[in-house]
Amino acid sequence: MPFFKEIKINEHTTAYFWKISEDIDWLFENVPLNEKSSTRLQTMSSIEHKKGFLTVRMLLQHIGFTDFDLFYDAFGKPHLEDKSKKAKGKSLESNNQHISISHSHEFSCICISNQSIGIDLEKRKEKTLKIAPRFMDISHLENLSEADKIAKATVVWGVKESVFKLKNEKGISFPNHISESRFQLEDKKGKAHINFNNASEDFLFQFDFVDDYVFVCVMNV
Ligand SMILES: CC(C)(COP(=O)(O)OP(=O)(O)OC[C@H]1O[C@@H](n2cnc3c(N)ncnc32)[C@H](O)[C@@H]1OP(=O)(O)O)[C@@H](O)C(=O)NCCC(=O)NCCS
């Protein structure tokens, strides 16, 4: 299946999903890669990883970008080139777009926004609930069915991964620095907080269920 769906987070922020069913050769033929990406792809040993990497580029192409518009900083955070800077002879205002990327088994996802964002896509699984005491306040799981505990623990994991991706700073610990306020699964949104390096910051998160996956998007308040 090609492009799967999009979720509009707000007026300036949209997430795009690809459900991966193509074979690796077809993807390789249909995704032009820059030199760095070609080299990176060659170092990936798992076919699943390669497919995730290539379908992220399919999503970029779907919305009018290519791999040549994408670059990574030293920590591995992806960024989009500011196209207005490339327009010669024109004094365009910067329209820089932010991007965050996640891939998990048969899904890839990118989110584009005019503000800093972090996203995560995570399969719902029992293991996340088992390790919940290591990364979250488990009182937030009280009085829920087993299935909802798994869903909520996966949301919180996704929130912490997303805050981590948004902040992109070394030394952030999920249990020690990032916390979530109480929220209901039905609300599909909530608040998170980071206290790190003597500074604190608040975030809003939104989440959704895509097949058997939890999608989370975090942005500054
Ligand atoms: C970097 C990290 C966030 C990636 O998350 P993941 O769930 O493994 O994988 P995802 O598919 O969701 O995300 C991968 C994408 O994140 C992006 N990414 C990688 N490093 C990043 C960073 N420093 N900042 C923002 N985004 C980053 C990349 O786009 C990457 O995909 P790509 O390289 O193919 O383009 C994760 O590996 C990590 O280091 N997490 C922190 C771990 C931690 O502190 N755990 C504590 C547990 S208590």
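A polar contact is taken here as a pair of N or O atoms within 3.5 Å. In this predicted model, local features need pLDDT of at least 70 and side-chain atom pairs count only at pLDDT 80 or more, whereas totals for chains, interfaces and linings use all residues. Residues are numbered from 1 along each chain as its sequence is written, and side-chain values use heavy atoms, with hydrogens and water left out.

A polar side-chain atom of Arg40 lies 2.7 Å from an oxygen atom of the ligand, while polar backbone atoms of Phe75 and Gly76 are found 3.2 Å and 3.3 Å, respectively, from a nitrogen atom of the ligand. Taken alone, the ligand exposes 930 Å², of which the protein buries 72% (accessible areas from the Shrake-Rupley method with a 1.4 Å probe).

The ligand is surrounded by 18 residues (those with a heavy atom within 4 Å of it), and the closest are Arg40, Tyr72, Ser102, His103 and Asn168. This shell comprises nine nonpolar, four polar and five charged residues, Gly being counted as polar. Helix 6 (146-167) is, together with strand 5 (98-104) and helix 7 (174-177), an element that gives two or more residues to the shell, and helix 6 gives the most, with four residues (helices being DSSP runs of H or I of at least four residues, and strands runs of E of at least two). Domain 1 (3-113) and domain 2 (118-220), whose bounds come from an automatic or database assignment, each supply at least three residues of the shell.

The structure further holds nine salt bridges, defined by a side-chain nitrogen of Lys or Arg within 4 Å of a carboxyl oxygen of Asp or Glu. In one of these, the closest N and O atoms of Lys19 and Asp211 are 2.8 Å apart. Because Lys19 lies in strand 2 (residues 13-19) and Asp211 in the loop between strand 10 (199-210) and strand 11 (213-220), the pair ties together parts that are 192 residues apart in sequence.

How values were computed
A polar contact is a pair of N or O atoms within 3.5 Å; within protein, one must be able to donate a hydrogen and the other to accept it, and residues adjacent in sequence count only if both atoms are side-chain atoms.
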